[in-house]
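Thank you for making time this morning. I would like to take you through one structure, and I will go slowly for anyone who has not seen it before.

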Amino acid sequence: MNVCITGVGMVPFAKPGQSESYDVMGAAAAVKALDDAGLTFADVQQAYVGYVYGDSTAGQAALYGIGLTGIPIVNVNNNCSTGSTALWMARQAVSSGAADCVLALGFEQMRPGALVNVWDDRVSPTARGEGIALAQPGGDLPGPMAAKTFGGAGVEYMNRYDVGPELFGRVSVKARSHAGRNPLAVFRDPIDLDKVMGSKPIWGPLTLLMCCPPTNGAAAAIVCSEEFARSRGLDASIRVRAQSLVTDLPGAFDQDMMKVVGYDMTAKAAREVYEASGVDPTDIPVVELHDCFATNEVITYEGLGLTPEGSAEKFVLAGDNTYGGQVVTNPSGGLLSKGHPLGATGLAQCAELVWQLRGQAGDRQVDGAKLALQHNLGLGGACVVTLYEKVAS
């Protein structure tokens, strides 16, 4: 069964303390997606709502702001891949025939500063990877755990392929350049490589401007069967062509920091999508990928097969990751500059790619895009890769 994204919505992302509360943001994003599709909440048969930092049934709290219809509402928490996991569940519900019209919603209301575990009286669900990060050289030095983990992956990449930290800095410069075209992004002012490299050291090769900011925001998508969409006269031109959700594989915690941050999950999910769709990664013109740290964007280029292993530096220096090159990565500005409200990120990526395929991305538009790839990663762990396509209406 063909599954379509008939509507998307997103509220502007903001720094913590500068947005509405999670329930207001969530309701607003859902209404935007419904309006975009040309539907009302009464048309929605199920909802999957994602967030990381929030109490149970926060999904109901958000959706009750737009109506009480009695539908199943499932709350989803899969770390930073939460939004795309909600989308994966919505797509499954439609493709199985369990529902014809499903809402996927994600939101986050964050606090300033680095991510921390809320519960300190029990084992962290990411303890396996954290133990490896702490055991690496310098792992006992001060610094946020996420930076030690993704910074450690950057060190692994640098040592393996003999590249310098400037490679990661160039990714941050590109991210900010793209975000300058996106009115929904948090950071839109341009930066240069010297500013990135000279910003506050965080851990290993990472400086402050190579790290995504804590962010508040919400985004949503309406997922429908093609038959439902056409029966209602909706836009059925954007399809989910293939999708894969993968969790950690054997070897994930064998001292290789690139594997700890999900390289193998990314590669497996991508392979499954390419095999299911018959699409070659080099034929995809636009990608939204999980650049929580600039190091992870570089690693992900190779995990997704956009460039061969060990060739990311050549890929970046040739400009093959931006407009005029092989593929435009993170035209939205990505997590580095658009922001990273954990539960909303995967659905914000979806919204950006739907706008790209519709030709509605304004100054960010990738000309003639008919295929678009999404990559959303959460440690602990899960990775979702989704391929969208535009077909004749």
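**A walk through the model**

Aspartate 189 is where I would like to start, and you will find it in the loop between α6 (166-179) and α7 (193-198). Please keep in mind throughout that this is a predicted model. With a relative accessible area of 57%, aspartate 189 is exposed. How far apart in space are aspartate 189 and glutamate 275? From C-alpha to C-alpha the distance is 39 Å, and in sequence these two are 86 residues apart.

Let me turn from there to a residue in another setting, glutamate 297, which belongs to helix α11. Is glutamate 297 buried or exposed? Its relative accessible area is 0%, so glutamate 297 counts as buried. If we leave aside the neighbours within four places in sequence, glutamate 297 is in contact with Val171, Lys174, Leu289, Asp291, Thr329 and Asn330.

Next, the salt bridges. In general, side chains of opposite charge can pair when their charged atoms come close. Here the count comes to 14 salt bridges, and I will pick out a few of them.

One of these joins the side chains of arginine 160 and aspartate 256, with 3.0 Å from N to O. Since arginine 160 sits in helix α5 (residues 145-161) and aspartate 256 in the loop between β8 (238-246) and α9 (257-260), the pair ties together parts that are 96 residues apart in sequence. As for their surroundings, arginine 160 is partly exposed at 39% relative accessibility, whereas aspartate 256, at 14%, is buried.

Another salt bridge is formed by arginine 358 and aspartate 235, whose closest N and O atoms are 3.9 Å apart. Arginine 358 belongs to helix α14 (residues 342-358) and aspartate 235 to the loop between α8 (226-231) and β8, so this pair ties together parts that are 123 residues apart in sequence. Arginine 358 is buried, at a relative accessible area of 15%, while aspartate 235, at 30%, is partly exposed. These two residues also belong to a network of salt bridges that links Asp36, Asp235 and Arg358.

A further salt bridge pairs glutamate 288 with lysine 338, and here the closest N and O atoms are 3.7 Å apart. Because glutamate 288 lies in strand β9 (residues 286-288) and lysine 338 in the loop between α13 (334-337) and α14, the pair ties together parts that are 50 residues apart in sequence. Glutamate 288 counts as buried, at 0% relative accessibility, and lysine 338 is buried too, with a relative accessible area of 2%.

Now to the aromatic residues. Searching the whole structure gives five aromatic pairs. In one of them, phenylalanine 150 and phenylalanine 293 have ring centres 5.2 Å apart and planes at 20°, so the pair is stacked. Phenylalanine 150 lies in helix α5 and phenylalanine 293 in the loop between β9 and α11 (294-303), so the parts that this pair ties together are 143 residues apart in sequence. Both of these phenylalanines are buried. Elsewhere, ring pairs link Tyr22, Tyr51 and Phe107 into a cluster, and arginine 181 lies over the face of tyrosine 323, 4.2 Å from the ring centre.

That brings me to the nonpolar cores. The largest one has 55 residues, and the members that touch the most others are Tyr157, Val287, Tyr301, Leu304 and Leu373. Which helix gives this core its largest share? Helix α10 (residues 263-277) does, with six residues. Among the contacts of leucine 304, once residues up to four places away in sequence are set aside, are Thr266, Ala270, Tyr274, Pro281 and Val287. Apart from this core lies another, of 37 residues, which includes Leu184, Val328, Leu357 and Tyr388.

I will finish with one helix, α3 (residues 82-95), whose 14 residues reach 20 Å from the first C-alpha to the last, close to the 20 Å expected at 1.5 Å a residue. Why can we call α3 largely enclosed by the rest of the structure? The reason is that ten of its 14 residues are buried, among them Thr82, Leu87, Arg91 and Val94. After α3 comes glycine 97, which has a positive phi, near 90°.

Notes:
Residues numbered from 1 in each chain as written. Predicted model: local features only at pLDDT ≥ 70, side-chain atom pairs only at ≥ 80, totals over all residues. Heavy atoms only, no water. Salt bridge = Lys/Arg side-chain N within 4 Å of Asp/Glu carboxyl O. Helix = DSSP H or I, 4+ residues; strand = E, 2+ residues; numbered from the N terminus. Buried < 20%, exposed > 50% of the residue type's maximum accessible area, 1.4 Å probe, protein only. Expected span 1.5 Å × (residues − 1). Phe/Tyr/Trp six-rings, centres within 6.5 Å; stacked < 30°, edge-to-face > 60°. Lys NZ or Arg CZ within 6 Å of the ring centre and 35° of its normal. Core = buried A, V, L, I, M, F, W, Y, C linked by side-chain atoms within 4.5 Å. Contact = heavy atoms within 4.5 Å.
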